[in-house]
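The following report describes a protein fold for a reader at the bench. It moves from strand pairing to the packing of helices, the nonpolar core and the cysteines.

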Amino acid sequence: MSLDNIEGLKRIETTGKDEMGGIVADLTHAVYPHDEVYGDYCPIQSYIDCPPEKVFEYMSHPYSLAEWTYSMREFQKVNDSGLYVGKDKIGENTDIYFKVESNKEALLVDYHCAWDQGEDLWMIYLNRIVPAQRVLNKPGSIVFWQNCKHPYYANNPYPQKAPEGRPWVGNFWDMFYAGHVVELENLKRILEYKHANNLPMTPSIG
């Protein structure tokens, strides 16, 4: 396949360094609108002074979410598939269903969630743990947390299962960045405390 058939590519063979410098300058701003940065994606990240294997052990345990999230509580196991249900205290009388899907070798921990029903876990919280030694040349971990704006955030696909009068989770999308920054700070504080004091990483509540 020849790349010449693909329009819009900017490579040094077709775009000179001066022209590329102008393009990069045009794309660099002192201030960015909120929607431009967090319109369809909500990425955050943090350095955590805790080894990657301990971060993975903690984050991959379902009950860790009852410690470091702002509002997920009262978990119960639904079945042997790994499905849990709890209460999301940010929504009045709201059930939140979730599963943890993780890969120890890749240091990936994803949370698949949904309000009101457990058959379609469309709210997916993607997390990658990176050894800080590799990227910052120091011990510890970097946690990259990414959310994507699923179309269901705009319209509740299961309105018949929602408590009457409760706001929809998608109404809060513009506040996801700030809310998740607070929760990631919770995660950092808990992990650093447990690691510094040589405490078990397994959550103490269940």
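## Sheet, core and cysteines

Strand 4 and strand 5 form a hairpin with 4 residues between them, and leucine 107, in the turn, has a positive phi of about 60°. The model is a predicted one, and the values below are computed from it. Within this hairpin, strand 4 (residues 95-103) pairs with strand 5 (residues 108-115) in the antiparallel sense over 8 bridges. On its other pairing, strand 5 is joined to strand 6 by 6 bridges, again with the two strands running antiparallel. Individual partners of these pairings are listed in the table.

| Residue | Opposite residue | Strand of the opposite residue |
|---|---|---|
| Valine 100 | Tyrosine 111 | Strand 5 |
| Serine 102 | Valine 109 | Strand 5 |
| Cysteine 113 | Methionine 123 | Strand 6 |

These strands belong to an open sheet of 7 strands, which has the order 1-7-6-5-4-3-2 and antiparallel pairing. Strand 1 (41-48) and strand 2 (72-77) stand at the edges with a single partner strand each, so one side of each is left without a neighbour in the sheet. Neighbouring strands of the sheet are turned by 25° against each other on average, direction ignored.

Helices pack on this sheet as well. Helix 3 (residues 52-59) lies across strand 4, strand 5, strand 6 (123-131) and strand 7 (141-148), and runs at about 160° to strand 6. Helix 6 (residues 176-196) touches strand 1, strand 6 and strand 7, and its direction makes about 20° with that of strand 1.

In soluble globular proteins, nonpolar side chains tend to be buried together. The largest nonpolar core here has 42 residues, and those with the most contacts inside it are Met59, Tyr111, Ile129, Val169, Leu187 and Leu191. Strand 5 gives the most to this core, with 5 residues; 7 of its 8 residues are buried, so strand 5 is largely enclosed by the rest of the structure. Leaving aside residues up to four places away in sequence, methionine 59 touches Ser64, Val100, Val109, Tyr111, Asn127, Ile129, Val143 and Leu187.

What does a search of the whole structure find in the way of disulfides? The search finds 0 disulfides. For cysteine 148, the closest cysteine sulfur is that of cysteine 42, at 9.9 Å, which is too far for a bond. Cysteine 148 counts as partly exposed, at 36% relative accessibility, whereas cysteine 50 is buried, with a relative accessible area of 1%.

Definitions and conventions: Residues are numbered from 1 along each chain as its sequence is written. This is a predicted model: local features need pLDDT of at least 70, side-chain atom pairs count only at pLDDT 80 or more; totals for chains, interfaces and linings use all residues. Side-chain values use heavy atoms; hydrogens and water are left out. Two strands pair if DSSP finds at least two bridges between them. Axes are lines fitted to C-alpha atoms, for helices over the stretch in contact, and angles run from 0 to 180 degrees between N-to-C directions. Contact means heavy atoms within 4.5 Å. A nonpolar core is a set of buried Ala, Val, Leu, Ile, Met, Phe, Trp, Tyr and Cys residues joined through side-chain atoms within 4.5 Å. Buried means under 20% relative accessible area, exposed over 50%, partly exposed in between (1.4 Å probe, protein chains only). A disulfide is a pair of cysteine sulfur atoms within 2.5 Å.
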